[in-house]
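Reader: I am new to this structure and would like a close look at one part of it. Please take me slowly through the charged pairs and what surrounds them.

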Amino acid sequence: MQPRCGVSVCHVLMLVLCLSAAEDFDWTKNNHGSFYYGTFPTGFSWGAGGSAYQTEGAWDKDGKGLSIWDVFSHKKGKIQLNDTGDSSCESYYKIKDDISLMKEIRLNHYRFSISWPRIIPTGVKSDHVNGKGIQYYDELIDHLLENHITPIVTLYHWDLPQVLQEKYGGWQNISMVNHFNDFANLCFEKFGDRVKHWITFNNPWSVAVEGYETGEHAPGLKLRGTGAYRAAHHIIKAHAKVWHTYDTQWRGKQKGLVGISLSGDWGEPVDISNQKDIEAAERYVQFYLGWFATPIFHGDYPQVMKDFVGRKSVQQGLGTSRLPAFSSQEKSYIKGTCDFLGIGHFTTRYITHRNDPTGRSSNSYFTDRDLAELVDPRWPDPGSEWLYSVPWGFRRLLNFVKTQYGNPMIYVTENGVSEKMMCTELCDEWRIQYYKDYINEMLKAIRDGVNVKGYTAWSLLDKFEWDEGYSERFGLYYVDFRNKNKPRYPKASVQFYKRIISSNGFPNQREVENWRRKAVEMCSSSNQLLAAEEQRSTAANILRLIHDPLTSHMEMVTEIVVPTVCTLSILISAVLLMFLLRRRN
């Protein structure tokens, strides 16, 4: 990620991109500071989400096979504090508990993913299908529907079966297309009578770039300049095949929809009077969202990607472009394979043109783009180092999708904000502000004519955050990971989001401000309850520490990860007492 950098620019009031502008959207009237009070269309769907590896736990239970994340997270030094998703939120055992939380918020839908190795342990359908895995998802889907919550199901949220990685090289190998299709076909067969919204892949950009280019994510490969492009090429083909399988074999009787969830930050030119910056900003979005969306909607990669990667490949002395090419038949087969487009969006960057080196040793997806990413130091950044709150970028991205891809049906599949705090804090006012502003920009986009049908808050629960482990929290509900029962506690944002859902938007300024005040008041009592629970738990641990050997003491200290200030004071006092007692003895 780019380091934080200051830029001497005010918020830009106008954007000019080198693409056909939508006549019904006036960029010059996009006032970043205005708030629109109004409601969403009737039938708009409100939800929250999570994914299998991040929430389920039970990593080796009931016949589940290994995933690449099971293996990757067990390697020392790959994850913050060497955390793993082995137990995570234990959602595998808490179906009814978690659905009761969804009912409390009054969600219309819940987005979750199916763990491929939980139902096909080796990834190869002909090897073995795990009945207990099928049973788990049957129960989850049935309980959701019994509570009038629509399941939106992701087929691939990064947990590739480890056997397929070891045997074939994972998404570097074209054989993944057929294996993934077999898995998807089994899911359609087992669950498609009840599931009507399918997402093939979640954020394939991260799968390709962070899994096969930078190595930050599983499987941890660093195939600079080629790995990400090859993985993406196979993922796009796999998506298209699954769409066609559903279209020809299941759509007639199941009447469902198949889409894909693509993540994309917005890119805003640093200098709107500089043509190179304007082109660089478009290039940023095309190399991110357009990399996958353009083939799916138009049949081929964005022209700017083909031009830039092709030219740099020639300069590096390569005979062909590092960006693979689709055949004419493949272009026709891929084009139009999207019943709805899922959009995951979190933040925005300022973009400026930069000439990156072209030597063979400098091959990389990032240098292929010839641009630099900047941030405004005034943007709020409460959690993840990459996540700044820039609400106006959301409206621009949604309008970009409308303009570029023929105004498809959109479900916002991920949007939310994290926190990184040493102290437990349920009064998450910054998250309330983030949701309020981003959801309002989505409402403005709908008024612009963008066809958004639903919104998914990310996420329902605090969970395993990939290479960041448990050091970042995105949840509406706080999860106490130190407690083996993984209790959940509502943050203030739960009450605020619940009010947005019940009102289907923002009725008026006075009422919305009242929501915030009441949410913060309610969370104060929850904070006190959680602090008391932590103190009791810590006190019990301390008593055991005093009597246990030093090795047990060291082991237990590693379990106390996010103490409150009060708990920390108790802990420090107890440790001092322990050493004084040892000296007396």
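Author: A good place to begin is Asp448, which forms a salt bridge with Arg395, the closest N and O atoms being 2.8 Å apart; a salt bridge here is a side-chain nitrogen of Lys or Arg within 4 Å of a carboxyl oxygen of Asp or Glu. This pair links distant parts of the chain, since Asp448 sits in the loop between α16 (429-447) and β12 (452-457) while Arg395 belongs to helix α15 (residues 392-405), 53 residues apart. The helices (H or I, at least four residues) and strands (E, at least two) are DSSP runs, numbered from the N terminus. Asp448 is buried, with a relative accessible area of 12%, and Arg395 counts as buried at 9%; buried means under 20% relative accessible area, exposed over 50%, and partly exposed in between, with a 1.4 Å probe and protein chains only.

Before going on, please keep in mind that this is a predicted model, in which local features need pLDDT of at least 70 and side-chain atom pairs count only at pLDDT 80 or more, while totals for chains, interfaces and linings use all residues. Residues are numbered from 1 along each chain as its sequence is written, and side-chain values use heavy atoms, with hydrogens and water left out.

A search of the whole structure finds 33 salt bridges. One of them joins Lys491 and Asp462, with 2.8 Å between the closest N and O atoms. Lys491 lies in the loop between β14 (488-490) and α17 (492-503), and Asp462 in the loop between β12 and β13 (477-479), so the pair ties together parts that are 29 residues apart in sequence. Lys491 is buried at 1% relative accessibility, and Asp462 is buried at 0%. These two residues belong to a network of salt bridges that links Glu419, Asp428, Arg431, Asp462, Arg473 and Lys491.

Another setting is found in helix α18 (residues 509-547), where Glu521 and Arg517 lie 4 residues apart, about one turn of the helix. Their side chains meet in a salt bridge of 3.1 Å, N to O. Here Glu521 is partly exposed at 48% relative accessibility, and Arg517 is partly exposed at 44%.

The loop between β12 and β13, which holds Asp462, holds Ser459 as well. A cis peptide bond joins Trp458 and Ser459, with omega about 15°. Most peptide bonds are trans, and most residues other than glycine have a negative phi.

Trp458 leads on to Glu414, because the two touch: Glu414 has contacts, meaning heavy atoms within 4.5 Å, with residues including Arg111, His157, Asn202, His345 and Trp458, not counting residues up to four places away in sequence. Glu414 lies in strand β11 (residues 410-415) and is buried, with a relative accessible area of 6%. The side chain of Glu414 makes a polar contact of 3.5 Å with the side chain of Asn202; a polar contact is a pair of N or O atoms within 3.5 Å, where within protein one must be able to donate a hydrogen and the other to accept it, and residues adjacent in sequence count only if both atoms are side-chain atoms. UniProt lists Glu414 under "active site" in an unreviewed entry; its positions are given in the numbering used here, feature names are shortened, and annotations may be inferred rather than shown by experiment.
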